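Got the viewer open? Load the chain, switch on a cartoon view and keep the selection box handy.

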Amino acid sequence: MKEQLILTHDGKFHVDEIFAIAILSKFILKKKVKSLKIIRTRDEKTVSLHQKNKETYVIDVGEC
């Protein structure tokens with residue numbers, strides 16, 4: 001099992017990222033991961049650093 005990471009924007013929660021995280025965790029990741037970590041940021045350096053990792057999903061962060 002592996003650790004999975006999801007990056008999404010910081011600030012107020014919206015329906016679109018909640019839905020995306022729910023769909024990823026329920027149907028795509030299923031039981032393939034031992035833990036799921038969510039990072040809420042729009043920091044370009046953080047997004048760039050993590051999006052290169054194939055274990056990371058970047059959703060709804062805007063223009064980075």
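Start by selecting tyrosine 57, which you'll find in strand β3; helices here are DSSP runs of H or I with at least four residues, strands are runs of E with at least two, and both are numbered from the N terminus. Show the side chain: tyrosine 57 counts as partly exposed because its relative accessibility is 29% (buried is under 20% relative accessible area, exposed over 50%, partly exposed in between, with a 1.4 Å probe and protein chains only). Now add leucine 24 and draw a C-alpha to C-alpha distance: tyrosine 57 and leucine 24 lie 8.8 Å apart in space, though 33 residues apart in sequence.

A word on what you're looking at. This is a predicted model, where local features need pLDDT of at least 70, side-chain atom pairs count only at pLDDT 80 or more, and totals for chains, interfaces and linings use all residues. Residues are numbered from 1 along each chain as its sequence is written, and side-chain values use heavy atoms, with hydrogens and water left out.

Colour by pLDDT next (the predictor's confidence in each residue, from 0 to 100). The chain averages 80, and 84% of the residues score at least 70. Among the elements, strand β3 (residues 56-58) has the highest mean, 86, and strand β1 (residues 2-8) the lowest, 80.

Zoom out for the overall layout. Two helices and three strands run in the order β-α-β-α-β along the sequence. Of the 64 residues, 28% count as buried.

Now select histidine 9, in the loop between β1 and α1 (15-28). Is histidine 9 buried or exposed? Histidine 9 counts as buried, because its relative accessibility is just 1%. Its side chain makes polar contacts (N or O pairs within 3.5 Å; within protein, one atom must be able to donate a hydrogen and the other to accept it, and residues adjacent in sequence count only if both atoms are side-chain atoms). One goes to the side chain of histidine 14 at 3.4 Å, another to that of glutamate 17 at 3.0 Å. Leaving out residues up to four places away in sequence, histidine 9 also touches others (heavy atoms within 4.5 Å), including Arg40, Arg42, Asp60 and Val61.

Last stop: select Leu5, Leu7, Ile39, Val47 and Val61, the five residues of the largest nonpolar core (buried Ala, Val, Leu, Ile, Met, Phe, Trp, Tyr and Cys residues joined through side-chain atoms within 4.5 Å). Centre on isoleucine 39: beyond four places in sequence, isoleucine 39 touches Leu5, Ile6, Leu7, Thr8 and His50.
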